[in-house]
Amino acid sequence: MTVRRPATWAATPRASARTTGREDVRVLVTASRDWPDPDLIRRVLAEEYWATVGRRFVVVQGGAPGGDTVAAGWAAGMRQNGSVLVEAETHRIGSAGPLARDRTMVAEGADVAHAFVAPCTKPGPCYAANKRRLPDGHGSHGATYTALLALEAGMELHVWRVPTIGSASRPPG
């Protein structure tokens, strides 16, 4: 399996908490439920952690199966770190619960966000809010939506993607 390293990784400044006087560093993790490489999530979190040693390290995640629980497990294993779990309240607000959870995750605040986006696996065509059909191979809805919210909120954002079939560029000739 190949995972594309985000183009922003080297070009984007590191987490803002490094240059502020805050005691904690907050990292938001959003991931497709079927993200195929849990070790990458752990490696990314470890890299963020070691780059900010000496500060309380807090992982903000939504508790969804897959990448969110990988991030939560990593944070729990680090003991001295915190983890903010933002649960979808589907029992209270129905199918809008996951989207409300995504908005709450971003509202919790973070210095940096990592989105691990696999292709959408929903059957049939998908449509954007503006009723336009999304292209085949578009990213999973929740992780993509949370990444866009994080970007709008001014967070440093790194998007990790699994290439879809047919997305590789062909060499000239």
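**Strands β1 and β2.** I began with Val-25 and looked up its bridge partner in β2, which is Phe-57. The model I am reading is a predicted one, and I keep that in mind for every entry below. I then took the two strands as a whole: β1 and β2 run parallel and are joined by five bridges. Following the chain from one strand to the other, I noted that β1, α2 and β2 make a β-α-β unit, and that this unit is right-handed. I also checked how far β2 is covered, and found that five of its six residues are buried, so the strand is largely enclosed by the rest of the structure.

**Helix α2.** For the helix of this unit I compared the expected span with the model: 14 residues at 1.5 Å a residue should span 20 Å, and the end C-alpha atoms of α2 are indeed 20 Å apart, which agrees. Which residues of α2 are buried? I listed Leu-40, Ile-41, Val-44, Leu-45, Glu-48 and Tyr-49. I set beside this list the general point that an α-helix has 3.6 residues a turn, so residues three or four places apart point the same way.

**Aromatic pairs.** I searched the whole structure for aromatic pairs and obtained six. One of them is formed by Trp-35 and Phe-116, an edge-to-face pair with 5.5 Å from centre to centre and 65 degrees between the planes. Because Trp-35 lies in the loop between β1 (24–31) and α2 (38–51), while Phe-116 belongs to strand β4 (residues 112–117), this pair ties together parts that are 81 residues apart in sequence. I checked the accessibility of both partners, and Trp-35 and Phe-116 are both buried.

I next turned to Phe-57 and Trp-74, which form an edge-to-face pair too, at 5.7 Å centre to centre and with 70 degrees between the planes. Phe-57 sits in strand β2 (residues 56–61) and Trp-74 in helix α3 (residues 67–77), so here the parts tied together are 17 residues apart in sequence. Phe-57 is buried, as is Trp-74. When I asked which aromatic cluster holds this pair, I found that Tyr-49, Trp-50, Phe-57 and Trp-74 form one cluster; Tyr-49 I had already entered among the buried residues of α2.

**Cysteines.** How many disulfides does the structure hold? The count is zero. I looked at Cys-120 to see why: its closest cysteine sulfur is that of Cys-126, at 3.8 Å, which is too far for a bond, given that a disulfide needs sulfur atoms within 2.5 Å. Cys-120 is buried, its relative accessible area being 18%, and I note that buried means under 20%. Cys-126 is buried as well, with a relative accessible area of 7%.

**Thr-146.** I looked up Thr-146 in helix α6 (residues 141–152) and asked whether it is buried or exposed. At 0% relative accessibility, Thr-146 counts as buried. Leaving aside its neighbours within four places in sequence, I recorded contacts of Thr-146 with Leu-28, Thr-30, Asp-102, Met-105 and Val-106.

**Pro-98.** My last entry concerns Pro-98, which has its place in helix α5 (residues 97–108) and counts as partly exposed at 25% relative accessibility. From Pro-98 to Gly-62 I noted 8.7 Å in space, C-alpha to C-alpha, against a separation of 36 residues in sequence.

Terms used: Residues numbered from 1 in each chain as written. Predicted model: local features only at pLDDT ≥ 70, side-chain atom pairs only at ≥ 80, totals over all residues. Heavy atoms only, no water. Helix = DSSP H or I, 4+ residues; strand = E, 2+ residues; numbered from the N terminus. Buried < 20%, exposed > 50% of the residue type's maximum accessible area, 1.4 Å probe, protein only. Contact = heavy atoms within 4.5 Å. Phe/Tyr/Trp six-rings, centres within 6.5 Å; stacked < 30°, edge-to-face > 60°. Pairing = 2+ DSSP bridges. Right-handed = clockwise from strand over helix to strand, strands pointing away. Expected span 1.5 Å × (residues − 1).
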